[in-house]
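Biologist: Could you walk me through how the labels on this model are decided? I'd like to see the reasoning behind each one.

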Amino acid sequence: MSTSETDAPATVDASVQAELNRLRESIDNIDAAVVHMLAERFKATQQVGRLKADHQLPPADPARETRQITRLRQLAQSANLDPAFAEKLLTFIIAEVIRHHERIAEETGHGGGTTSTTASGA
């Protein structure tokens, strides 16, 4: 979403509107950076998915997921971000990564998590 001076009612003081536009531009830049960082993250997780599929490893790694959630909650707290929000975000991302790993496993003929429970660690 881009910003413009027409986003606010005409009664807003020009200096307030200018500050609002400046802040919104900053938010837009941050949003763009977040999207690019997520794209980079998913490039890396796609490589992990291919490696797992090639070696018939399960798409999910619950122990790593738990460590990552704990780590991200701590980072969020130190950054004054709600740890519960950070956990929800990471949980959503992890679910998407696992879905990608399952698809990669299916495409390579390794079943997308249909390996035995011993192999999957379940």
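Biologist: Where does Val-34 sit?

Modeller: In this predicted model, Val-34 belongs to helix H1, which covers residues 14-54.

Biologist: Why is Val-34 called partly exposed?

Modeller: Its relative accessibility is 43%. Buried means under 20% and exposed means over 50%, so Val-34 falls in between and counts as partly exposed. Together with Ile-30 and Leu-38, Val-34 makes a nonpolar surface patch of about 230 Å².

Biologist: Thanks! What makes Arg-22 and Glu-19 a salt bridge?

Modeller: Their closest N and O atoms are 2.6 Å apart. The cut-off is a side-chain nitrogen of Lys or Arg within 4 Å of a carboxyl oxygen of Asp or Glu, so this pair qualifies. Both residues lie in helix H1, 3 residues apart, about one turn of the helix.

Biologist: And why is Lys-43 called exposed, while Glu-40 is called partly exposed?

Modeller: Lys-43 has a relative accessible area of 52%, and exposed means over 50%, so Lys-43 gets that label. Glu-40 is at 44%, between the 20% and 50% limits, so partly exposed is the right term for Glu-40. The side chains of these two also meet in a salt bridge, at 3.1 Å from N to O.

Biologist: How do you know that Glu-87 and Arg-73 form a salt bridge?

Modeller: From N to O they are 2.6 Å apart, and the rule asks for within 4 Å, so they count. This pair links distant parts of the chain, with Glu-87 in helix H3 and Arg-73 in helix H2, 14 residues apart.

Biologist: How many salt bridges does that rule give?

Modeller: The count comes to 5 salt bridges.

How values were computed: Residues numbered from 1 in each chain as written. Predicted model: local features only at pLDDT ≥ 70, side-chain atom pairs only at ≥ 80, totals over all residues. Heavy atoms only, no water. Patch = residues over 30% accessible without salt bridge, like charges linked within 9 Å, V, L, I, M, F, W, Y side chains within 5 Å. Areas by Shrake-Rupley, 256 points an atom, 1.4 Å probe, with all protein chains shown as cover. Helix = DSSP H or I, 4+ residues; strand = E, 2+ residues; numbered from the N terminus. Buried < 20%, exposed > 50% of the residue type's maximum accessible area, 1.4 Å probe, protein only.
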